[in-house]
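Please take a slow walk through this structure, following the chain from one element to the next. The aim is a plain account for someone who has not seen it before.

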Amino acid sequence: MSSSGIKLCSRLNTYPVFVGPVCVGNGSPVRVQSMTNTDTEDPIATAIQVAELSRAGSEMVRITVNTPAAARCVPDIYEHLDKMSIRVPIIGDFHYNGHTLLSNYPEMAKLLDKYRINPGNVGFGAKHDKNFSQIIDIAIKNEKPVRIGANWGSMDPAVLARMMDKNSKSSNPLPSGAVLREALITSALDSAHFAESLGLPNKKIIISCKVSSVQDLISIYRDLARRCHYPLHLGLTEAGMGSKGIVASTAALSILLQEGIGDTIRISLTPEPGGSRTQEVIVAQQILQSMSIRAFSPMVTACPGCGRTSSDFFQHLTVVVDKYLREKMLVWRKFYDGVESMTVAVMGCVVNGPGESRHANLGISLPGSGEDPFCPVFCDGVKVETLKGDHIVEDFLAIIDRYVENNYPKRAII
């Protein structure tokens with residue numbers, strides 16, 4: 001645990017898996033992952049979105065590789081990212097034809113930092129083991145880690161049929177939901193053990209078992225954590241749009257993370273038309289930071305408003321401050337240590353304003369209905385200034401800048 005009290009590690013009893021330079025598991029920080037929704041056959045658009053996700057804080061980015069044209073574009077994507085000085089690990093997402101694409105496009109196979117395969121659609125019948133083995137052999141040759149990502153929307157039909165049949169013959173059969181959960185876990189773990197038998201080291205395997213039900217996800221990952229030492233990738237699949245997706249993902253992942261379960265996370269939000277893909281990164285960060293597991297950007301405590309807050313100025317200031325902090329972190333993280341743990345309060349009246357502002361590193365208490373038109377500013381619990389007039393926003397942002405410069409140690413620039 002850091003001196004600020006922020007917990008920084010994932011499960012200590014997992015294998016350490018390196019995805020490019022990023023370590024997953026074995027006490028490493030819980031990693032934030034995301035996925036592009038561009039057509040990978042458009043390397044420029046894909047590289048731009050990867051860069052946006054990386055700058056937002058995604059530590060790994062997954063791209064779809066589903067066609068020969070998409071596979072051919074992977075080297076171009078890396079080239080464009082290199083020109084933008086983006087070094088985030090890229091994960092290739094393969095379904096149905098991954099064995100063919102990885103075999104036919106060796107440059108792509110060599111460049112990608114990790115392969116994601118789904119045991120439910122790698123091949124059917126006699127082709128399953130052959131196709132799976134082909135992918136694992138290529139991963140071994142290129143020394144790449146593999147995420148074995150089972151999903152209840154594309155279960156391995158042979159595993160599910162076998163387990164349903166066995167359950168039906170049992171003297172005490174389980175509910176179908178319990179059989180489905182066990183089939184999903186079995187599919188992932190059996191595939192991981194098969195990969196190890198083919199020569200893939202256990203330190204090259206990450207597991208996921210994604211479902212869209214909160215309670216099922218919690219049950220499955222608790223069971224997985226008891227039964228294996230592979231790092232676990234968490235995510236509620238098809239979480240949904242807007243508040244529904246955010247709330248459902250937060251409800252599921254927070255319980256598991258609080259129990260020390262989970263080594264990487266992704267928030268699978270459906271973006272609104274024209275909405276930014278980076279929202280899923282921000283939500284993942286906010287979950288981890290709200291739980292004091294990691295810190296990414298200064299957190300803003302803001303007043304919800306009531307009958308005393310007749311002006312909406314505090315709302316506008318909150319939006320400006322939050323946006324300003326996120327943009328400045330792109331610079332601050334390069335030059336200052338610890339800024340990501342800073343707290344800022346923007347409050348709307350005298351009831352809780354001064355108290356909340358004193359609890360934060362920096363706080364401002366705006367006047368509510370009937371109050372004097374002055375805004376006291378607090379630094380680490382001490383009132384240091386009173387703002388008024390037409391330049392409160394600019395003045396408060398300048399105070400934030402001075403606070404960072406005076407209170408956080410500068411990094412040694414090499």
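In this predicted model, strand 4, helix 2 (residues 68-83) and strand 5 together make a β-α-β unit that is right-handed. The two strands of this unit, strand 4 and strand 5 (residues 90-94), run parallel and are joined by four bridges, and within the pairing T64 stands opposite D93 of strand 5.

Strand 4 also takes part in another unit, since strand 3, helix 1 (residues 43-56) and strand 4 make a right-handed β-α-β unit as well. Here strand 3 (residues 31-35) runs parallel to strand 4, with three bridges joining them, and M35 is found opposite R62 of strand 4. Strand 4 is thus bridged to strand 3 and also to strand 5.

How much of strand 4 is covered? Strand 4, which spans residues 60-64, is mostly covered, with four of its five residues counted as buried.

A look at the surface gives another kind of picture, for there L330, V331 and F335 form a nonpolar patch whose accessible area comes to about 240 Å² together. One of these residues, L330, has its place in helix 11, which covers residues 313-335. Is L330 buried, exposed or partly exposed? Its relative accessibility is 38%, and because buried means under 20% and exposed means over 50%, L330 counts as partly exposed.

Conventions: Residues numbered from 1 in each chain as written. Predicted model: local features only at pLDDT ≥ 70, side-chain atom pairs only at ≥ 80, totals over all residues. Heavy atoms only, no water. Patch = residues over 30% accessible without salt bridge, like charges linked within 9 Å, V, L, I, M, F, W, Y side chains within 5 Å. Areas by Shrake-Rupley, 256 points an atom, 1.4 Å probe, with all protein chains shown as cover. Salt bridge = Lys/Arg side-chain N within 4 Å of Asp/Glu carboxyl O. Buried < 20%, exposed > 50% of the residue type's maximum accessible area, 1.4 Å probe, protein only. Pairing = 2+ DSSP bridges. Right-handed = clockwise from strand over helix to strand, strands pointing away.
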